[in-house]
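Biologist: Could you take me through this model? I would like to go over the sheet, the packing and the charged pairs.

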Amino acid sequence: MDRKKVLVTGMGGQIGGIIRRELGTRYELSGIDRVAVDSVPTTVADIANLSEIMPAFEGIDSVVHLGADPSPQASWESVLSNNLIGTRNVYEAARLSGVKRIVFASSNHAVGNYPLMQDPYRAIYDGRISEVRRPFPPLTPDMLRPDSYYGVSKAFGESLGSYFHDEYGISVICLRIGWVMTPDDPTFSPAALSLWLSHRDAAQLIRKSIDAPVSVGFAVVNGESDNALSIWDIETTRQVLGYEPQDGAGEDWTEVPGKTGPMGT
């Protein structure tokens, strides 16, 4: 059987590296990035320029769109070019090229002001675990409360995916990714324990999204490991994609000086 041809934008980034390592033999991978990526055919281009990226989409079955300014502290100018215009261009290039599925890397930051501003979610982020009465309602994919221009850009990408599915019939799966970190160890803060998406769970989540049945036309799902302090609904992810996380963080952490928080500060 021929391998699916999968184009990954932002191939040179952290999750692109996980895809190359974990899924490189499963799919015929190619990439788009600002610089060439070793061992993978790469179109060196700026996603804010539609004509530059169009050639990369020829003959592609699925696109995994990771390319963006990934910082919650990103300026409006950077978000506008890299995350809004760039995401629209990726969707449009996929449409023009007949791509059947887009897997969009959304983010927990699309709902990030819940844990930053509202208990019990904030209590977990702050490490006030004894104050949390369990069970509590998890944050579900239908909720929206961006914490930054970056979070707004991810909400935009989800909305654009809904439109491109309804208008053009492209299957779009939006993954509200938690926190993929290197080293792959979340034990430096309670927020990291809640948000952790391990490397192998990230690879599974993306694989399940690429290979999901055609019946999954449009979906927004959370992407975290099976964490004890999770505030995120992953039951929907299980139901829609068949996702079964292999890893899960516990409730013990040791603060590490210099480690950034969920807002990159």
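Modeller: The following exchange goes through the sheet, its helices, the salt bridges and a surface patch.

Modeller: This is a predicted model, in which local features need pLDDT of at least 70, side-chain atom pairs count only at pLDDT 80 or more, and totals for chains, interfaces and linings use all residues. Residues are numbered from 1 along each chain as its sequence is written, and side-chain values use heavy atoms, with hydrogens and water left out.

Biologist: What is the order of the strands in the sheet?

Modeller: The open sheet has 7 strands in the order β3-β2-β1-β4-β5-β6-β7, with parallel pairing. Strands pair if DSSP finds at least two bridges between them. Helices (H or I, at least four residues) and strands (E, at least two) are DSSP runs, numbered from the N terminus.

Biologist: Which are the edge strands?

Modeller: They are β3 (42–44) and β7 (218–223), each of which pairs on one side only. From one strand to the next, the twist averages 20 degrees. Angles run from 0 to 180 degrees between N-to-C directions, and axes are lines fitted to C-alpha atoms, for helices over the stretch in contact.

Biologist: How many bridges join β4 to β5?

Modeller: There are 4 bridges between β4 and strand β5 (residues 101–107), and the two run parallel. Ser62, which is found in strand β4 (residues 62–65), stands opposite Arg101 in β5.

Biologist: Is Ser62 buried or exposed?

Modeller: Ser62 counts as buried, at 4% relative accessibility. Buried means under 20% relative accessible area, exposed means over 50%, and partly exposed lies in between (1.4 Å probe, protein chains only).

Biologist: And what is Ser62 in contact with?

Modeller: Leaving aside neighbours within four places in sequence, Ser62 is in contact with Lys5, Val6, Leu7, Val99, Arg101 and Ile210. Contact here means heavy atoms within 4.5 Å.

Biologist: Why is β6 described as largely enclosed?

Modeller: Strand β6 is largely enclosed by the rest of the structure because 7 of its 7 residues are buried. Ser171, Ile173, Leu175 and Ile177 point one way from β6, while Val172, Cys174 and Arg176 point the other way, and all are buried.

Biologist: How many bridges does β6 form with β5, and how many with β7?

Modeller: β6 pairs with β5 in the parallel sense over 7 bridges, and Ser106 stands opposite Arg176 in β6. Another 6 bridges join β6 to β7, also running parallel, with Cys174 opposite Val220 in β7.

Biologist: On to the helices. Which strands does α1 lie across?

Modeller: Helix α1 (residues 14–23) lies across β1 (5–9), β2 (28–33), β4 and β6 (171–177), and runs at about 165 degrees to β2. Helix α6 (residues 149–168) also packs on the sheet, where α6 touches β5, β6 and β7, and its direction makes about 155 degrees with that of β5.

Biologist: Changing topic, how many salt bridges are there?

Modeller: The count comes to 15 salt bridges, where a salt bridge is a side-chain nitrogen of Lys or Arg within 4 Å of a carboxyl oxygen of Asp or Glu. Side chains of opposite charge can pair when their charged atoms come close.

Biologist: Which residue does Glu235 pair with?

Modeller: Glu235 forms a salt bridge with Arg238, with the closest N and O atoms 2.7 Å apart. These residues are separated by about one helical turn because they are 3 residues apart in helix α9 (residues 235–241). Glu235 is partly exposed at 43% relative accessible area, whereas Arg238 is buried at 18%.

Biologist: What else does Arg238 bridge to?

Modeller: Arg238 also forms a salt bridge with Glu244, where the closest N and O atoms are 3.4 Å apart. Glu244 counts as partly exposed, at 41% relative accessibility. Elsewhere, salt bridges that share partners join Asp119, Arg122, Asp126, Arg128 and Glu131 into one network.

Biologist: How about Arg21: what is its partner?

Modeller: Arg21 forms a salt bridge with Glu22, the closest N and O atoms being 3.4 Å apart. Arg21 is exposed, with a relative accessible area of 51%, and Glu22 is partly exposed at 39%.
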